[in-house]
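Here is a quick tour of one chain, going from single residues out to cores and a pocket. Have the structure open as you read.

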Amino acid sequence: MNQTNQDPRPSVDLGALWRAIEQAGSIQAYVNQQLSARGYLIERRDTARMSAAELKRYKQQLKDEAVEKRRLKAEAWAAYKAAHIVHLGEGIFFNEENDFDRFDLREPEARAAENELPTLDKPAQLAEALGLSVSELRWLTFHREAAESIHYQRFTIPKRRGGEREIWAPMPKLKAAQRWVMREIVEHLPVHGAAHGFIAGRSILTNAQVHLNAEILVNFDLQDFFPTVTWRRVKGVFRKAGYREQVATLLALLCTEPPREVIEHEGKRYYIALGQRCLPQGAPTSPAITNALCLRLDRRLSGLARSLGWRYTRYADDLTFSLPASEAKPKAKKGKAKPTKAKPTKAKKAQGALTGEAALARLMGGVKAIVAAEGFALNPDKTAIKRPSGRQGVTGLVVNGDGSPRVPREVRRRLRAALHNLERGQPLREGESYAHLAGLAAFVYMTDPALGGALLKRIGALARQG
């Protein structure tokens, strides 16, 4: 007996439904099976010899079949979307077929295993690893040029040299997904030994230690570092890591967002994309991805520095090069033979005839060319050449001489003065707080544990006194 389309039906388990469709072989095969099983599939007959009553009944049966067929197809499409990504928005190509792509590695699984990465062959596996449904994964990665809501919160923080820096902090669900990607994938990718930013066991201190006792120190800054790393470049990182087109696309979209302008129109707020998706300042994955992406950049700059007798490190977008100071000649003593000339170091041998200004000119030209070839640009306003006669600073620490890197003297003086005033009963100045002072003391502690520990104790005692 046929059922009418008004009969109440239980909610559909889309996962179980899609498994049934896969067993049937296709959506069309599943729909035909269900029509037949439920008595809706009508055998086509010649209507020329039908009576009026038979024709009316036959037409109603065909109508019922069509209604049920539409309903079954709608359920099947919902099940398909629950198990597949389908579409990811404007300008994003996504191929549901997991076939070989010319940009795929020949043996991506071997590369992923070499990097100790989780096996992710299909979007459903990625969604499961992230603790999401496929629909939620599509929701987090879907791209819109003009969106009424996004997965980020925007705020600004002051820059050290004036102005404000925009921070786009991911919402909790996206942030959790990004943390998983960072922990399970990005942090397993190879990085160069010259990279010191956002890597366990390395810091601004290890970065600065490389450049002690420099005859010349040069600081470069990569302009618009995160915005330069577009989602296609990020996708390339994941493909090179050992993932195929589908999963690499989703991972790249999870970790990127276009710069946006917030506008109001007819009482609604819109977030308008101003360019390509790129690494947002504020996502936990952004710094680690740049370390993996800059592997070749670091290799080339390290090779350039080594060939000229210089030293090289990178901390995020800060590139630092230093030329080691000439070895001091031992003084001759009266009544004794002249000391033998010190043997040149490896750096001096590599440097050869290029010393001082000649080596500096060769370095600066080489850095500019390599940086451009790797898809970045130098910020000309932040290139600085520093000599021993002035302060030589690397990532906020002073490296003049052959002692250990240290916090600038004015920072220590300012901190001591603030503590002295507090101990005399004076209030904190505008913009100061115990947390801020403790942060400065921890900064000192990193390079001078004895002094920093004493300052932290004083701050703790003052904070307890209120």
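## Leu360 and its neighbours

Setting aside residues up to four places away in sequence, Leu360 touches Ile216, Val218, Trp310, Ile385 and Arg387. Keep in mind that this is a predicted model. Leu360 sits in helix 15, which runs over residues 356-373. Is Leu360 buried or exposed? With a relative accessible area of 5%, Leu360 falls under the 20% cut-off, so it counts as buried.

Take the pair Leu360 and Trp310: they are 50 residues apart in sequence, yet C-alpha to C-alpha the gap in space is 9.5 Å.

## How far to trust it

The chain has a mean pLDDT of 89, and 89% of its residues reach 70 or more. Residues 1-8 have pLDDT below 50, and this stretch has ten contacts in the model beyond near neighbours in sequence. Another patch with pLDDT under 50 covers residues 349-353, where the model has eight contacts beyond four places in sequence.

## The cores

Which residues touch the most other members of the largest nonpolar core? They are Phe238, Trp310 and Phe321, in a core of 73 residues. Helix 11 (residues 245-254) gives this core its largest share, seven residues. There is also a second, separate core of 25 residues, and Tyr315, Val407, Leu419 and Ile459 are among them.

Phe321 is worth a click. Not counting residues up to four places away in sequence, its contacts include Ile216, Val218 and Trp310, and those three names also turn up in the contact list of Leu360. Phe321 also touches Leu363 and Val367, among others, and both of those positions fall within the 356-373 span of helix 15.

As a general backdrop, nonpolar side chains in soluble globular proteins tend to be buried together.

## Three more buried spots

Tyr315, listed above in the second core, belongs to strand 7 (residues 311-315). Its relative accessible area is 18%, so Tyr315 is still buried by the under-20% cut-off. Beyond four places in sequence, Tyr315 is in contact with His196, Gly197, Ser203, Ile204, Asn207 and Thr395. One of these, Asn207, is 108 residues away along the chain, with 7.0 Å between the two C-alpha atoms.

Thr447 is part of helix 17 (residues 434-447) and is buried, with a relative accessible area of 16%. Leaving out residues up to four places away, Thr447 touches Leu205, Leu397, Pro405, Arg406 and Val407. Val407 is a name you have met already, as a member of the second core. Thr141, in helix 6 (residues 134-141), is buried too, at a relative accessible area of 0%. Its contacts, with the same sequence neighbours left out, are Leu88, Leu250, Leu253, Leu254 and Arg277.

## The second largest pocket

Now for some empty space. The second largest pocket holds about 520 Å³. Two or more lining residues come from each of helix 4 (108-114), helix 10 (231-241), helix 12 (286-293) and helix 13 (295-308). Which element gives the largest share of the lining? That is helix 10, with five residues.

The lining has 20 residues, and Val237, Lys240, Ala292, Leu293 and Leu295 lie nearest the centre of the pocket. By class, the lining breaks down into eleven nonpolar, two polar and seven charged residues.

Note on methods: Residues are numbered from 1 along each chain as its sequence is written. This is a predicted model: local features need pLDDT of at least 70, side-chain atom pairs count only at pLDDT 80 or more; totals for chains, interfaces and linings use all residues. Side-chain values use heavy atoms; hydrogens and water are left out. Helices (H or I, at least four residues) and strands (E, at least two) are DSSP runs, numbered from the N terminus. Buried means under 20% relative accessible area, exposed over 50%, partly exposed in between (1.4 Å probe, protein chains only). Contact means heavy atoms within 4.5 Å. pLDDT is the predictor's confidence in each residue, from 0 to 100. On a 1 Å grid over the protein atoms alone, a cavity is a set of points where a 1.4 Å probe fits but cannot get out, and a pocket is an open set with protein on both sides within 12 Å along at least five of seven lines; lining residues have an atom within 4 Å of a point. Grid points are joined across faces, edges and corners, and a volume is the space filled by probe spheres set on the points. Ala, Val, Leu, Ile, Met, Phe, Trp, Tyr, Cys and Pro count as nonpolar, Asp, Glu, Lys and Arg as charged, and the others, Gly among them, as polar. A nonpolar core is a set of buried Ala, Val, Leu, Ile, Met, Phe, Trp, Tyr and Cys residues joined through side-chain atoms within 4.5 Å.
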